[in-house]
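Colleague: I should like to take a close look at a single part of this protein, with the pairing of charged side chains as the starting point. Please explain each term as it arises, since I am new to the subject.

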Amino acid sequence: MLNFIYYPVSWIMWVWHWLFDKILPDSPGGSGVAWALSVVFLVFTLRAILYKPFVKQIRTTKKMQEINPQMQAIRKKYSNDRVKMTEEMQKLQKEHGFNPLLGCLPMLLQIPVFIGLFHVLRSFNRMGTGVGQEGLTSEQTRALGNYAFSPELVENFLDARLFGVPLSSFITQPTTEFAAFVPEGMPVDFTRWQIAALVVPLMIVASFATHMNSRASVSRQTAEAMENPQTRIMNRLSLWVFPLGILATGPFFPVAILMYWVSNNLWTYGQQHLVFGRIEKEENHEKAIREEKRRASAPRPGERPLPGNFDPKKAMDRGYTALREGRPGDAGTEFRKVTRFGQRNADWLYRGRNGLVQAADELVRLSEDADLRASLAFQWTDAARTDAGAEDADLAALDGYLTLRRQQLIAWLNDGHEERLNTVMRDDSAILTAYQDAWEQANPDSPVSELAHDRKADWARMVATALFRSGKFDEARIYARQAAAIYDRIIEQAEAAGAEAGVDVPGYKTELAQVKLIAAAPSGSVWKHATVPASEKTARELEGREGVALVAETAADDEERAAAAKDWHETATAAHGKKIVAPGSVEEASKAVAETVLKVTDHGGPQSRLEAERRSPDDEVVEKVAKEAANAQTAAKSQKTQARKSNKSKKNRRGGRQ
């Protein structure tokens with residue numbers, strides 16, 4: 001009836017047994033070890049398949065803890081109206097993307113696996129006469145196949161021993177069934193005490209592992225959740241009743257089932273720490289960003305409140321006029337007022353040249369304060385992404401977001417938050433592609449058309465730098481080579497076009513040197529390093545030489561940078577020639593090159609890139625504001641003249657009366 005479960009379970013077990021039987025064909029007790037490992041890796045295979053549902057379960061549980069106070073409030077508010085309570089609960093769950101079924105899905109999926117494994121293992125020995133047993137003779141048992149297993153493999157399984165004990169034997173098994181584990185006419189070569197000597201330790205380990213997994217889960221619960229009576233009951237069950245249940249039922253289960261419990265609990269213990277560790281990093285990352293945004297939104301000391309009739313569009317125009325007239329300080333003051341207005345009016349958002357993002361963008365490039373630039377980038381990046389992600393986003397909106405995003409990435413690198421750049425390329429992929437298309441449309445006749453990919457290269461370089469600093473050399477190399485290919489084409493086109501192209505070739509060579517040195521790194525793991533083809537090693541050594549030459553060309557006066565680059569190349573080259581690399585020298589050299597050659601400056605990058613980001617105010621705005629200012633000045637002079645005449649007339653009248 002449940003063959004759709006039994007066959008897949010037996011096939012997975014068959015594959016692992018085939019593999020381990022090839023590895024341990026003639027070793028003493030090898031058949032028993034191969035069968036035991038096939039059970040263990042059956043568990044690992046199924047748990048690996050269930051990894052994503054497990055992660056969703058953890059996220060669902062945490063989400064439930066977050067919205068639990070709101071759910072309790074709904075229960076209290078609509079305690080007399082079940083229909084309304086259900087509607088409000090469903091509405092709350094939908095708003096937060098919460099699905100209760102995901103919380104129990106992994107557990108529900110494991111139940112049929114356990115049932116399938118238990119049945120398949122019990123079916124190797126069919127001499128039992130209990131419920132569901134066939135009551136066959138030992139000869140019949142050894143001559144029948146078992147789902148994916150042929151009669152020969154069934155006989156091999158029954159003859160296999162782990163520490164002298166059959167894998168499908170159990171403590172309470174009737175002695176009459178022991179005959180199936182030996183060929184017809186041969187004496188039984190094990191005792192019930194031998195089974196107990198193996199089963200009891202497995203029971204204790206499985207019980208203890210279950211308790212520890214439950215303890216780890218309970219320790220991560222919030223105080224509010226632990227106060228819930230239902231949660232307290234479940235905690236007691238998972239901490240004490242379930243582990244004791246394993247001790248109580250262990251004598252009735254085969255050795256292989258107990259191995260299933262042990263390996264399943266060990267996997268769960270490691271998986272919990274891995275998943276919770278990653279989720280904790282994500283939460284810390286989000287918390288840090290929220291804190292950075294909060295700090296960015298805080299008013300600066302001594303700032304006067306904005307007037308009630310403040311017009312941000314006019315302030316933007318005044319800022320642009322100040323830029324055109326060479327008054328960057330006044331321009332910064334106006335742009336700062338616009339961003340303050342945006343803080344006060346969170347729902348307000350201009351689009352295009354007069355947008356909040358535009359104001360923050362201008363402030364970022366006007367400010368000499370690195371902390372202020374980073375704060376502004378953190379504050380308005382989300383708003384900029386909204387504009388850049390729109391279907392009708394133009395080059396200005398895309399460029400505005402990417403400019404602020406770049407300041408954010410630089411701030412992360414400078415502050416040592418390399419892990420935050422792990423998903424940058426994926427997160428910004430669509431916007432980078434849209435920017436490339438928009439740039440090409442806006443610059444169809446550019447002699448350096450490859451500049452359309454400049455942003456992508458810049459992102460890949462920063463991600464490669466972050467991965468390199470974290471010691472993930474192989475991952476860093478992928479992004480470094482993506483950036484290097486673009487930089488090579490930009491430099492080639494710029495040199496062919498000459499000075500008229502206005503491209504800062506030395507600046508691009510500086511960034512090319514960085515990614516070349518990253519690409520020259522040896523592999524991070526022993527296995528990967530030992531299996532690197534000779535052609536790849538040659539390519540890495542060439543990249544290292546090119547990186548050193550570029551550093552020498554672009555930083556001739558900086559001996560520290562040149563020395564660090566050369567030392568890194570020599571260390572990496574030496575590592576390529578060894579089968580196993582001692583990590584000490586590589587780590588030391590990589591740290592030195594990261595602190596000098598790969599150091600990210602505040603503005604960072606070729607000057608031509610920074611100038612290209614600059615959007616000059618248009619003449620119409622400047623003329624309009626200048627005319628308004630001139631008119632205002634003329635009106636002020638006229639008022640002063642009229643006031644003087646009026647005062648003079650009053651004095652004359654007073655003199656006449658005297």
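How many salt bridges does the count come to? Please then follow the charged pairs into helix α20 (residues 473–497) and the core to which that helix contributes.

Modeller: This is a predicted model, in which local features need pLDDT of at least 70 and side-chain atom pairs count only at pLDDT 80 or more, while totals for chains, interfaces and linings use all residues. Residues are numbered from 1 along each chain as its sequence is written, and side-chain values use heavy atoms, with hydrogens and water left out.

The count comes to 25 salt bridges, a salt bridge being a side-chain nitrogen of Lys or Arg within 4 Å of a carboxyl oxygen of Asp or Glu. Side chains of opposite charge can pair when their charged atoms come close. The setting is a chain with 27 helices and zero strands; these are DSSP runs numbered from the N terminus, helices being H or I of at least four residues and strands E of at least two.

In helix α20, Asp474 forms a salt bridge with Arg477, and their closest N and O atoms are 2.9 Å apart. Both residues belong to α20 and stand three residues apart, which is about one turn of the helix. Asp474 counts as buried because its relative accessibility is 18%; buried means under 20% relative accessible area, exposed over 50%, and partly exposed in between, using a 1.4 Å probe and protein chains only. Arg477 is also buried, at 3% relative accessibility.

A further pair reaches out of this helix. Arg481 forms a salt bridge with Glu536, again with closest N and O atoms 2.9 Å apart. Arg481 lies in α20 and Glu536 in helix α23 (residues 534–554), so this pair ties together parts that are 55 residues apart in sequence. Arg481 is partly exposed, because its relative accessible area is 28%. Elsewhere, salt bridges that share partners join Arg406, Asp458, Arg461 and Glu511 into one network.

Let us now turn to the nonpolar side chains. A nonpolar core is a set of buried Ala, Val, Leu, Ile, Met, Phe, Trp, Tyr and Cys residues joined through side-chain atoms within 4.5 Å. The largest such core has 87 residues, of which Leu421, Trp459, Phe468 and Trp568 touch the most other members. Helix α20 supplies the largest share of this core, ten residues. Apart from it lies another core, of 47 residues, including Val43 and Leu153.

Within the larger set, Trp568 is in contact (heavy atoms within 4.5 Å) with Phe468, Phe473, Leu517 and Ala521, among others, when residues up to four places away in sequence are not counted. Ala521 sits in the loop between α21 (505–519) and α22 (526–530), and it is buried because its relative accessible area is 0%. With the same neighbours in sequence left out, Ala521 touches Phe468, Phe473, Arg477, Arg540, Trp568 and His576. Arg477 thus links the two themes: it pairs with Asp474 in a salt bridge and also touches Ala521. Finally, Ala521 and His569 are 48 residues apart in sequence, yet 8.1 Å apart in space, C-alpha to C-alpha.
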